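Morning, everyone. Let me put the structure up, and then we can walk through a few spots.

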Amino acid sequence: MEQVDHVVAQSFSCDVIVVGAGVVGLACARSLATRGYQVIVLERHERFGVETSSRNSEVVHAGIYYTPGSLKAMLCARGNRSLYAWCESHGVGHRRTGKLIVATSAEEEAKLADILTRARANGIDSLVAISAQRALEMEPHLRCTAALWSPDTGIVDSHALMASLLADCESHGGVVAWRHALSAAERRGNGYELAVREERGEQTRLTSRWVVNSAGLEADHIAALPGLDAAACGYRLHYARGHYFRVHARKCHLASHLIYPVPVQAGLGIHVTLDLAGGLRLGPNVEYLPVREQDYRVPEELRDEFHAAVSRYLDGLEPEDLAPDQSGIRPKLQGPGEPVRDFVIAEESSRGLPGWVNLVGIESPGLTCALEIGELVARKLEGGNDAA
């Protein structure tokens with residue numbers, strides 16, 4: 001990393017700056033580097049994926065829930081296929097576990113029917129309705145009256161995925177400036193001049209033809225640097241924390257697939273997830289934070305809430321089987337009680353910033369969509385008019 005720091009200190013000029021080395025930023029950098037562009041990634045932390053990309057369920061989604069025609073729906077359906085293919089070809093740990101979405105009442109069964117209809121509208125034909133008896137054959141500890149089965153949902157080693165994207169980017173000449181934060185940006189000539197602050201406080205400058213803002217939790221602040229009004233553009237973010245509890249190893253036999261309840265307004269509900277080592281986790285819930293700070297505490301007192309939520313559809317867990325695990329913070333465009341918003345993936349020529357792409361509100365299913373987002377960003381910068 002000393003070599004990269006030295007290059008940046010000399011005010012390097014390149015084709016494209018990517019802000020943020022989470023999974024989506026790395027996918028964008030990799031996509032552009034493989035097209036032959038000179039790419040520098042700015043990352044304020046000392047390693048990749050420190051924030052949202054490493055604090056999630058690591059689920060490969062199938063594209064079931066999202067509004068037909070939305071970026072989330074289109075990119076997730078394609079991303080499910082491309083992500084599995086990438087993992088196979090690059091040796092990234094993953095497993096196509098399959099997922100059950102379960103109903104515990106007649107009212108929830110009606111919601112399952114709605115989910116199935118939406119999945120069909122999104123072109124997801126693999127999702128099927130199954131009886132409670134069939135669901136219990138698959139998961140004997142379930143409590144349910146009906147279920148949906150998604151064979152294409154799975155899990156992935158997100159750290160290994162990011163490492164593989166970084167390696168491919170670097171093999172095509174891309175570099176990452178670790179511990180460097182973007183502090184100012186200005187349109188100059190046919191590109192941008194960026195002020196970068198390194199960890200020791202030294203300010204240096206970069207010039208670039210294009211900029212990709214993949215700053216995750218700070219994407220709205222980065223979008224404002226070249227002069228956009230983030231609030232007027234609809235880019236203002238809300239921090240929503242999701243907690244996870246780990247299930248004791250003595251109870252890991254209770255589930256062998258991902259198990260989800262029917263969705264709630266704020267998210268997909270507290271669900272049962274697997275990891276590649278065979279462990280079980282419960283989560284996440286959704287807690288909007290009153291202030292924008294990265295507080296990752298997991299309060300012990302949430303144990304009973306998690307136990308009660310999952311015990312509605314899974315037998316055999318006792319409160320003492322659960323221990324606080326981790327939490328993650330999602331950058332949501334919608335506030336509490338507001339309708340769910342789509343991803344923002346905007347090339348800002350219409351706002352006087354040609355060659356500047358903002359990625360805002362990239363929460364779930366951003367991990368699944370990462371490769372597809374990278375390809376879409378490259379097309380937008382090269383002048384394509386693709387909506388997705």
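I'll take one helix, then the aromatic pairs, then charges over rings. Keep in mind that this is a predicted model.

Start with helix α8, residues 303-311. Which of its residues are buried? R303, F306, H307, V310 and S311. Look down the axis of α8: the buried residues fall within an arc of 120°, so they line one face of the helix. What does that face pack against? Four strands take part. They are β13 (238-247), β15 (271-274), β16 (280-283) and β18 (322-332).

Stay in α8 for E305. Buried or exposed? Neither, quite: at 40% relative accessibility, E305 counts as partly exposed. The cut-offs here are under 20% for buried and over 50% for exposed, so a value of 40% lands in between. Now its contacts. Set aside the neighbours within four places in sequence, and E305 touches I270 and N285. I270 is 35 residues away from E305 along the chain. Their C-alpha atoms are 9.7 Å apart.

Next, the aromatics. How many aromatic pairs are there in the whole structure? The search finds four. I'll show two of them, starting with Y192 and W356. The ring centres are 5.3 Å apart and the planes sit at 65°, so this pair is edge-to-face. The cut-off for that label is over 60 degrees. Where are the two partners? Y192 is in strand β11, residues 191-198, and W356 is in strand β20, residues 356-360. The pair therefore ties together parts that are 164 residues apart in sequence. Y192 and W356 are both buried.

Now F245 and F306. This pair is tilted. Centre to centre we have 4.8 Å, with 45° between the planes. F245 belongs to strand β13 and F306 to helix α8. They are 61 residues apart, so again the pair links distant parts of the chain. Both phenylalanines, F245 and F306, are buried. And this brings us back to the helix: F306 is one of the buried residues of α8, and β13 is among the strands that those residues pack against.

Last item: charges over rings. Which residue lies over the face of Y296? That's R55, at 3.8 Å from the ring centre. A second case is K99 with Y260. The charged end of K99 sits over the Y260 ring, 4.0 Å from its centre.

That's my tour. Over to you for questions.

Definitions and conventions: Residues numbered from 1 in each chain as written. Predicted model: local features only at pLDDT ≥ 70, side-chain atom pairs only at ≥ 80, totals over all residues. Heavy atoms only, no water. Buried < 20%, exposed > 50% of the residue type's maximum accessible area, 1.4 Å probe, protein only. Helix = DSSP H or I, 4+ residues; strand = E, 2+ residues; numbered from the N terminus. Arc of directions from axis to C-beta. Contact = heavy atoms within 4.5 Å. Phe/Tyr/Trp six-rings, centres within 6.5 Å; stacked < 30°, edge-to-face > 60°. Lys NZ or Arg CZ within 6 Å of the ring centre and 35° of its normal.
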